[in-house]
Amino acid sequence: MRDTLVLNASFEPLSTVTLNRAVVLVLQDKAVVEQAHPELRMRGAAVDIPAPRVIRLCQYVRVPFRRRAPWSRRGVLVRDRHRCAYCGRRATTVDHVVPRSLGGQDTWLNTVASCAEDNHRKANRTPEQAGMPLLRQPYEPTPADAMLLALGAEEYDALPEWLASAAA
């Protein structure tokens, strides 16, 4: 099922919801469609609307301040767009820049997406010790960036330019 991005009334990303939930919010006049899927429509007995890709709430919702995006293996793969940090091929695993046996932690700045071959080749060493330089440095995404990246590549690429550039 496709996910729909929900923006607060102030245009800041809040969350993602299922397509069905997004349609319900629009039909209840709690949200307006900011961007729709070009080829999908939602039809019913008395309704025919474009399937929403991005909706904006009509009323501002106060959310508690979240300083950091929670770390997860899936989050690291999504952040790095499933590309190996060592060779650029498709990544299926997460590698610790400083291995856990040497004191490395599960943090955004110490983990990168990696293909299984490079993860095995690097083994229990730092990239410098293994002679495997990183193609890009790991970074910690903001909570909003993490949510936008979680939409997936095809959905992310279809976002309005002003919204996608905020997470780039």
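In the predicted model, threonine 126 contacts Val97 and Pro99, its neighbours within four places in sequence being left aside. Threonine 126 sits in the loop that separates helix H3 (116-122) from helix H4 (127-130). The relative accessible area of threonine 126 is 16%; because the cut-off for burial is under 20%, this residue counts as buried.

A second buried position is found in helix H1, which spans residues 19-27 and includes valine 23. The relative accessibility of valine 23 is 9%, so this residue is also classed as buried. With neighbours within four places in sequence again excluded, the contacts of valine 23 are Met42, Ile49 and Pro52. For the pair formed by valine 23 and proline 52, the C-alpha to C-alpha distance is 7.1 Å, while the separation in sequence is 29 residues.

For the protein chain as a whole, 7 helices and 6 strands were assigned. Their order along the sequence is β-β-α-β-β-α-β-β-α-α-α-α-α. The chain has 168 residues, and 41% of them count as buried; valine 23 and threonine 126 are among the buried residues. When contacts between residues at least 6 apart in sequence are considered, 58% link residues that are at least 24 apart. The accessible surface of the protein chain amounts to about 9800 Å², and carbon and sulfur atoms account for 53% of that area.

Notes
Residues are numbered from 1 along each chain as its sequence is written. This is a predicted model: local features need pLDDT of at least 70, side-chain atom pairs count only at pLDDT 80 or more; totals for chains, interfaces and linings use all residues. Side-chain values use heavy atoms; hydrogens and water are left out. Helices (H or I, at least four residues) and strands (E, at least two) are DSSP runs, numbered from the N terminus. Buried means under 20% relative accessible area, exposed over 50%, partly exposed in between (1.4 Å probe, protein chains only). Contact means heavy atoms within 4.5 Å. Accessible areas come from the Shrake-Rupley method with a 1.4 Å probe; for residues, only the protein chains shown count as cover.
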